[in-house]
Amino acid sequence: MSKFIIKGQVRLSGEIEVKGAKNAALKIIPAALLSDEKITITNLPEIEDVSRSLELLEDLKAEVKISKNRCEIQVKNLDKNSLDPKFANKLRASIMFVGPILARVGEVKFSHPGGCVIGAGTRPIDLFLEGFKAMGADIKWEDGSYHLKAKKLKGCEYFFTTVSVTGTESLMMTAVLANGTTTLKNCAMEPEIKALADYLNEQGAKIKGAGTSTIIIEGVERIGAGVFDIIPDRIETGTFAIMAAATGSEIKITKCIPEHIESLLSIFKKIGIKFETGEDWIKIFKSEGFSSYSIKTHEYPGFPTDLQSPYTILATQAKGSSIIHETIYDRRLLYADMLTQMGADIIMCDPHRIVVNGPSKLYGKKLTSPDLRAGIAMIIAGLIAEGETEIDNIYQIDRGYENIDTRLRALGADIKRVEIQ
Ligand code: EPZ
């Protein structure tokens, strides 16, 4: 176990390079099961969730070769069709393995995915099961796990009654090997979904409409090899932009796609945070104060729920009141209490809404990171706070941010990773 110790009120400066998107990598890795040829993935972030996903693939007897920010995968034969709970319980995104296994060998067994505290209870998977059923799968619940069978999946029409990112990606990739055409409606439109479709189409899939709310997949017999460069992580991009603004630092964020965080940058313009953008970079300038602005999280291209907690830290430094309305998940405002203990002026209105009054002086505290996005928000709070902040349970942060302490020290942050017995 280890923790971060941060000494606050240090101005940051310099450049930080954005890594490959966690939420793209966690889909293209299981999608490799759809083909029996070699899949090469570059710009792969070195984070815990990717390691867990590759371990799951190796447990399924896939050939996996890992090097720096890169891996090669080949699944010549898929003999094992059950997800070992010891891996699946550590990774919510293990659900992404179910569709490809079902499509490839016609049978799959798995327990309810674990690994993430946010979301109602144990994060529902009803949309996935309904989708597989619509494609002709027979679904049984036996001895604490789901057992799905389908001789050959068939194309179907499916309307998502709730917009779901992984639900969209799971049914889209599963339909690639189904018989006939599948039409998915009310799909999520995140950039990672279009990236996944582009990767699969390079392998011979026939997917149209990814990135819009209607996706049409014409099933094919098989798909071939592929080489994929993971797109930049838009949540890292937004997090570093908020970190710069909240600490009054001048930072250049490189290897990113500015348009993927247009929802945040549009707010920066409104509240007086100065920045410039280029094709693959954003430069944040030191701003003398900025005003408050209320947000409501929304599916892409709206304000991303994964930037909600970092944005709340920014709101504690803004002049005025901001309503933070989390519409996607339950339990994604749990960190607000810890922020209050640091001196933030926050009123919890209901489980989905808080009011943040600023600017507030923050003071260092001992904190525990409930999830990865609240964890990085606590790092930002620690960088602002007077005194020392300790954050434990930092596995949650390492799940989604590669070598975050090393990268922040390069910007001048006083942050140490300390092993605890
Ligand atoms: C993806 O989660 C991301 N994870 C999340 O990032 C992100 O916050 C979320 O999309 C929203 O943008 C990955 O891509 C691995 P959802 P996902 O299905 O797909 C409900 C992070 O920090 N729902 O879009 O699991 C669900 O309860 C993570 O990187 C059902 O009701 O989220 C939620 O209210 C956190 N039934 C809503 O849909 C289902 O079967 C949206 O969840 C599935 C979801």
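**Figure 1. The residues around the second largest cavity of this predicted model.** Ala21, Asn23, Glu192, Asp233, Arg234 and Ile235 line this cavity. A cavity here is a set of points, on a 1 Å grid over the protein atoms alone, where a 1.4 Å probe fits but cannot get out, and lining residues have an atom within 4 Å of a point. The volume of the second largest cavity is about 40 Å³, a volume being the space filled by probe spheres set on the points, with grid points joined across faces, edges and corners. What mix of residues makes up this lining? It divides into 2 nonpolar, 1 polar and 3 charged residues. In this scheme, Ala, Val, Leu, Ile, Met, Phe, Trp, Tyr, Cys and Pro count as nonpolar, Asp, Glu, Lys and Arg as charged, and the others, Gly among them, as polar.

**Figure 2. Lys22 and Asn23, a pair with a UniProt annotation.** The unreviewed UniProt entry marks both residues as "binding site"; UniProt positions follow the numbering used here, feature names are shortened, and annotations may be inferred rather than shown by experiment. From this pair, Asn23 belongs to the lining of the second largest cavity. Lys22 lies in helix H1, residues 22-31, and Asn23 is found in H1 too. Helices are DSSP runs (H or I, at least four residues), numbered from the N terminus. The side chains of Lys22 and Asn23 make a polar contact at 2.9 Å. Such a contact is a pair of N or O atoms within 3.5 Å; within protein, one must be able to donate a hydrogen and the other to accept it, and residues adjacent in sequence count only if both atoms are side-chain atoms.

**Figure 3. The surroundings of Lys22 and Asn23.** Is Lys22 buried or exposed? Lys22 counts as buried because its relative accessibility is 7%, while Asn23, at 22%, is partly exposed. The cut-offs are under 20% relative accessible area for buried, over 50% for exposed, and partly exposed in between (1.4 Å probe, protein chains only). Leaving aside neighbours within four places in sequence, Lys22 is in contact (heavy atoms within 4.5 Å) with residues including Pro45, Ile47 and Asp233. On the same basis, Asn23 touches Glu169, Glu192, Asp306 and Arg373.

**Figure 4. The lining of the largest cavity.** Among the residues here are Ile313, Tyr335 and Leu367. The lining has 10 nonpolar residues, no polar and no charged. Helix H12 (372-384) gives the largest share, 4 residues.

**Notes.** Residues are numbered from 1 along each chain as its sequence is written, and side-chain values use heavy atoms, with hydrogens and water left out. In this predicted model, local features need pLDDT of at least 70, side-chain atom pairs count only at pLDDT 80 or more, and totals for chains, interfaces and linings use all residues.

Definitions and conventions. 1 Å grid on protein atoms, 1.4 Å probe; cavity = no way out; pocket = protein on both sides within 12 Å on 5 of 7 lines; lining within 4 Å. Helix = DSSP H or I, 4+ residues; strand = E, 2+ residues; numbered from the N terminus.
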